[in-house]
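Biologist: Could you take a close look at a single part of this model, the annotated binding site, and then set it beside one example of how helices pack here?

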Amino acid sequence: MIIAVDGPAASGKGTLAAGLAAHYRLPHLDTGLLYRAVGLAVGDAVGTPQFEARAIAAARGLDAAHLTDLAQLTGDAASTLASQVAVIAEVRVALRQYQRDFAHQPGGAVIDGRDIGTVVCPDADVKLFIEADSKARMERRARQFELKGLVVDRYALYHQIEERDARDRANPYGGFYPAPDAHLLDTTRLDIEAALRAAVAIVDGVMAKKAKQ
Ligand code: C5P
C-alpha cells in the first residue's frame, strides 16, 4: 500500500505520515529532507551564477547518506534553501526517481511532501492533503523550535512560512495542489492523536472500498 501525504509547511503532514507509517508498519520517507539536503549542499552558492548547476549536480548525487544530520536538515536555514532549489525543474526530476523507488518497494510506503499525490506517485492507493491555517502552523513550528531551546520571533516565523508557501504554490514545476482523488484533512483544531485517528479512518475507508471493487 502506498500512502501519499501532501500539505504546506508545518501543517503536521510529517508527524501524521510518521504516525501512519507506525500504524501500518510501513517505511516512511519525508521528501522535504531531500530538498533540504540539496539546499544545504549549495548554501554557499546562493546568488551566484553557479547556483543552479550546482544544485542539479547535488540532486543527481544525492543518496541516503545525505539524509542523516536531522538537526541541520530540519533547521531554519535549510527550509529556505530547500524552497530555493525546489523551483529548479532538473532538481525535481533528479529527485523524482529516488522518491518513486522508495514508494514502490515491496509492501509499499508512506511518503510525504508537496507533489506526492500529483507527480511522484499519482498511482498511490490513498492520498491525503493536509491543511491547517497559517497561524496554527506558525504556532506548531514555534513550539518545535522552542523545544530545541531556540528563541522564536513569531512575527518573523509567520512571514517566513507564508513566504515559503507562496513560493511553493507558485512553483511552475511544483505540482503543489490537492490531487483530484486526494482526501482533504484540516488539522487546525486537531491534536496529533485526533489527526492520526482521522487519517487512519480515511485510509481504512479507502482500502475497504478498494477491496470490494
Ligand atoms: O516539507 P518541508 O517543509 O521539509 O519541505 C521543505 C521545502 O522543500 C518545501 O518548502 C518545498 O519548497 C520543497 N519540497 C518540494 N517538494 C516536496 C517536498 C519538499 O518542493 N515533495
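Modeller: What follows starts with the annotated residues and then turns to a pair of helices. The model is a predicted one, and the site itself comes from an unreviewed UniProt entry, which lists Gly7, Pro8, Ala9, Ala10, Ser11, Gly12, Lys13, Gly14 and Thr15 under "binding site". Of these residues, Pro8, Ala9, Ala10, Ser11, Gly12, Lys13, Gly14 and Thr15 are included in the lining of the largest pocket. Ala10 belongs to the loop that runs between β1, residues 2-6, and α1, residues 13-24, and Gly12 is likewise found in the loop between β1 and α1. Their accessibilities can be read against the cut-offs: Ala10 has a relative accessibility of 8%, which is under 20%, and therefore counts as buried, whereas Gly12, with a relative accessible area of 27%, is partly exposed because that value falls between 20% and 50%. Leaving aside residues up to four places away in sequence, Ala10 touches Arg137, Arg140, Arg141 and Ile161.

As for the helices, α2 (residues 32-41) and α6 (residues 89-103) pack with their axes 11 Å apart and at an angle of about 135 degrees. That angle makes α2 oblique to α6, because it is neither over 145 degrees, where a pair would count as roughly antiparallel, nor within the 65 to 115 range of roughly perpendicular pairs. The crossing in which α2 passes α6 is right-handed. On the α2 side Leu34, Tyr35 and Val38 take part, and they meet Val91, Arg92, Leu95, Tyr98 and Gln99 of α6.

Conventions. Residues numbered from 1 in each chain as written. Predicted model: local features only at pLDDT ≥ 70, side-chain atom pairs only at ≥ 80, totals over all residues. Heavy atoms only, no water. UniProt positions renumbered as here; feature names shortened; annotations may be inferred. 1 Å grid on protein atoms, 1.4 Å probe; cavity = no way out; pocket = protein on both sides within 12 Å on 5 of 7 lines; lining within 4 Å. Helix = DSSP H or I, 4+ residues; strand = E, 2+ residues; numbered from the N terminus. Buried < 20%, exposed > 50% of the residue type's maximum accessible area, 1.4 Å probe, protein only. Contact = heavy atoms within 4.5 Å. Axes fitted to C-alpha atoms, helices over the stretch in contact; angles between N-to-C directions. Parallel < 35°, antiparallel > 145°, perpendicular 65-115°, else oblique. Left-handed = near helix turned anticlockwise from the far one by under 90°.
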